[in-house]
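Here are my notes on the model you sent. I have kept them short and in numbered points.

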Amino acid sequence: MILLCHLLEINIDKLLSFLFQIETFEIPDGLDQFDLIAPKIKDNAIKEVMWFGHISNILSLLKYLDSSFGLNKFKLNIVSDNRTFDFITKYNFKPLRGFEICLHMWSIENLIKISKNCDLKLLPSDKTYAGSNRLLTAFKLGLPVIGSSIISYEPFSDFYAKLETHDAQNLFEKPERW
């Protein structure tokens, strides 16, 4: 059995390990692992788009790619893990999608390296509430964001384009203006 939980308190992993006789390990949060990266204008012939996260968030992305947005021509760089990659390869996209997908194994190094060549970050979410870490991490990576309008992103609503809006298409076409 695998128990997965988000631990906010330092050393609580040791307590859980002791109480339940389970092995614990840390998956680092990207937000705390690197310095702020200044936004840069990219000169990509084809837009480079980034998505990072785990399997609990992937279906939102895949559904968004099956919307009219997926007809745009771009390269989607996904930084995640094998479970997410397996899910993606089994997903049946609608025909005539304009994007290609490149998979990159999750690590802080890959997160930073891949982001430096990307024009923007996609952040769709079909959850009512989701933490704002992925949004803030994208900002810290210097990337403009096209994301869902959800409660936890509301304090940052002036700083990213909402999905399915004219702003989102404008950001995709001209990310340097954001």
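1. In which sense do β2 and β3 pair, and over how many bridges? They pair in the parallel sense, over 7 bridges. One residue pair to look up: Val-79 has His-104, in β3, as its bridge partner. Keep in mind that this is a predicted model.

2. Next, the whole sheet. It is open and has 6 strands, in the order β3-β2-β1-β4-β5-β6, with parallel pairing. The edges are β3 and β6 (161-162). Each has a single partner strand, so one side of each is left without a neighbour in the sheet.

3. Now the largest nonpolar core. It holds 22 residues. Those that touch the most other members are Leu-61, Leu-65, Phe-74, Leu-76, Leu-122 and Ile-146. Two or more residues come from each of β1 (47-52), α2 (55-65), β2 (74-80), α3 (82-90), β4 (120-123) and α6 (166-173). The most come from α2, which gives 5 residues.

4. Leu-65 deserves its own point. Leaving out residues up to four places away in sequence, Leu-65 touches Gly-70, Phe-74, Leu-76, Phe-93, Arg-97, Phe-99 and Leu-122. A second core is separate from the largest one and has 20 residues. Phe-52, Ile-108, Ile-114 and Leu-135 are among them.

5. Which residues of helix α4 are buried? In this helix (residues 108-115), they are Ile-108, Leu-111, Ile-112, Ile-114 and Ser-115. Their cover includes the strands β1, β2 and β3 (99-105), along with helix α5 (133-140).

6. Please look at Glu-48. This residue lies in strand β1. Is Glu-48 buried or exposed? Its relative accessible area is 11%. The cut-off for buried is under 20%, so Glu-48 counts as buried. Beyond four places in sequence, Glu-48 touches Lys-75, Asn-77, Asn-117, Cys-118, Asp-119 and Leu-120. Take Asn-117 from that list: Glu-48 and Asn-117 are 69 residues apart in sequence, yet 6.9 Å apart in space, C-alpha to C-alpha.

7. Last, the second largest pocket. Its space is about 380 Å³. It is lined by 18 residues, and the closest to its centre are Lys-40, Asp-119, Pro-144, Pro-175 and Glu-176. By class, the lining has 9 nonpolar, 2 polar and 7 charged residues. Asp-119 has come up before, as one of the residues that Glu-48 touches.

Key: Residues are numbered from 1 along each chain as its sequence is written. This is a predicted model: local features need pLDDT of at least 70, side-chain atom pairs count only at pLDDT 80 or more; totals for chains, interfaces and linings use all residues. Side-chain values use heavy atoms; hydrogens and water are left out. A nonpolar core is a set of buried Ala, Val, Leu, Ile, Met, Phe, Trp, Tyr and Cys residues joined through side-chain atoms within 4.5 Å. Buried means under 20% relative accessible area, exposed over 50%, partly exposed in between (1.4 Å probe, protein chains only). Helices (H or I, at least four residues) and strands (E, at least two) are DSSP runs, numbered from the N terminus. Contact means heavy atoms within 4.5 Å. On a 1 Å grid over the protein atoms alone, a cavity is a set of points where a 1.4 Å probe fits but cannot get out, and a pocket is an open set with protein on both sides within 12 Å along at least five of seven lines; lining residues have an atom within 4 Å of a point. Grid points are joined across faces, edges and corners, and a volume is the space filled by probe spheres set on the points. Ala, Val, Leu, Ile, Met, Phe, Trp, Tyr, Cys and Pro count as nonpolar, Asp, Glu, Lys and Arg as charged, and the others, Gly among them, as polar. Two strands pair if DSSP finds at least two bridges between them.
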